[in-house]
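Here are my notes on the model you sent round. Please read them with the coordinates open.

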Amino acid sequence: MTGQQFSTTEMLARLVAFDTTSRNSNLALIEFVRDYLAGHGVAVELIHNEDRTKANLYATIGPVDRPGGIVLSGHSDVVPVDGQDWSSEPFTLDTRDGRLYGRGTADMKGFIAAALAHVPEFVAARAETPVHLALSYDEEIGCVGVHGMVDHIRAHLPQPELVLVGEPTEMKLVNAHKGIRSFVTEVTGSEAHSSNTHLGVNAVEVAARLIGFLGQLRDEMQRRGDASGRFDPPYTSVHVGVIRGGTALNIIPRQCRFHWEFRALPDQDEDAIIERFNRFACEEVLPPLREVAADADIQTIAQAAVPPLVPFDDCPAEALVRALTGDNAPLAVSYGTEAGIFQHADIPAVICGPGSIEQAHKPDEFVTVAQLDACDRFLSRLAAHIAAGGTEG
Ligand SMILES: [Zn+2]
């Protein structure tokens, strides 16, 4: 089998050129990767979304019928460039001063490019240990796409031993991250002329009360702190990001909705936060409103949920990265990743990838040539490691 060969930089240029902003289809990128892998004789499965406009890709190099093996995981989508002031075209890889600029270079097409460029090396290793590639969609809008792939693996495929998620960590080992839960709360009040405040239910003011309660929870979490001493900020954070309500100053507003989230330390009881919020809304705030307007209501709808990544003793994913990098000082990060979702599905995962989260989501996003070189060395060591017959250090 003679497939195409790419350096990591050449592959990155190809991947960046696909505008895989989450609102777009990722199929052009996925089909390009599928064809590239097929050229190297690698078995590929696509796991589509319901309307078949997007797909996850799961590929196996080496034996396809046995459990175990190492998953190299990345998300194919990127955040929008709308309203950002870029010095070069964001979807054209631009090399300046040892840096490769373009949307997704750090988050996280750099890692995907390196993994793909090493496919010929993994194939040549003819190892007993499979290397799997897992590319997801819609990570940037709440880790939406990967669930379909994880469910598919669990239901239909041999279980891999461990997952390396290549989010940008400057090639450092990350074995813990916070969990994310996000919500929309919709308040339904009752209109009246603004002079008759006693006849209406002011949805904006109700929302303000609820947001005030979230502020109390936030302060309480801050006081409780982080017993592990590993996270920055060292507490479960609570945040309201968007609010919309009201139509005119002289109308008591009937509707108000706000979007909020919390990012929980791994040892935080996440449901307890939601239960307390709902209890406050339903037992304290709502009953007096219903006396004014029978259809007054407060509805909180769950949006994204990303489980935390929880470190544990003898984690095989951690052992492998320690062995390959020599990094024995794992870090914890406050952003969520698909690693938490893999771990939640009983597939141990850690994070290690090129580039810095400092450059992610910003204009002039870049990854340095030095970081990609470090990732290339890491993957070559991985190829040698599986060729020698191991999965762990
Ligand atoms: Zn990312």
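The points below take up a helix pair, an enclosed cavity and an open pocket in turn.

1. The model is a predicted one, and side-chain atom pairs count here only at pLDDT 80 or more. Totals for linings, by contrast, use all residues, a distinction to keep in mind when reading points 4 to 7.

2. Two packed helices are described by the angle between their axes and the distance between the axes. For helix H2 (residues 27-39) and helix H3 (residues 105-117), the angle is about 20° and the axes lie 11 Å apart. Because angles under 35 degrees count as roughly parallel, H2 and H3 are therefore roughly parallel to each other. The handedness of the crossing of H2 and H3 is left-handed.

3. Which residues make the contact between these two helices? On the H2 side they are Leu-29, Val-33, Tyr-36 and Leu-37, and these meet Lys-109, Leu-116 and Ala-117 of H3. Sorted by class, the contact of H2 with H3 comprises six nonpolar residues and one charged residue, with no polar ones.

4. Turning to enclosed space, the count comes to one cavity of 30 Å³ or more, and the volume of the largest cavity is about 30 Å³. Its lining is made up of Leu-72, Ser-73, Gly-74, Phe-111, Ile-112, Ala-115, Leu-116, Leu-133 and Leu-135. Leu-116 thus appears in this lining and also in the contact of H3 with H2.

5. The elements that contribute two or more residues to the lining of the largest cavity are strand E3 (70-75), H3 and strand E6 (131-136). H3 provides the largest share of that lining, with four residues. By class, the lining of the largest cavity holds seven nonpolar and two polar residues, and no charged ones.

6. The largest pocket has a volume of about 510 Å³. There are 25 residues in its lining, and those that lie nearest the centre of the pocket are Glu-139, Glu-140, Gly-142, Ile-180 and Arg-263.

7. Which elements give two or more residues to the lining of the largest pocket? They are strand E9 (179-188), strand E10 (237-245), strand E11 (255-264) and strand E12 (297-306), and the largest share, four residues, comes from E11. The lining of the largest pocket divides by class into 10 nonpolar, nine polar and six charged residues, whereas the lining of the largest cavity has no charged residues.

Definitions and conventions: Residues numbered from 1 in each chain as written. Predicted model: local features only at pLDDT ≥ 70, side-chain atom pairs only at ≥ 80, totals over all residues. Heavy atoms only, no water. Axes fitted to C-alpha atoms, helices over the stretch in contact; angles between N-to-C directions. Parallel < 35°, antiparallel > 145°, perpendicular 65-115°, else oblique. Left-handed = near helix turned anticlockwise from the far one by under 90°. Contact = heavy atoms within 4.5 Å. Nonpolar A, V, L, I, M, F, W, Y, C, P; charged D, E, K, R; others polar. 1 Å grid on protein atoms, 1.4 Å probe; cavity = no way out; pocket = protein on both sides within 12 Å on 5 of 7 lines; lining within 4 Å. Points joined across faces, edges and corners; volume = space filled by probe spheres on them.
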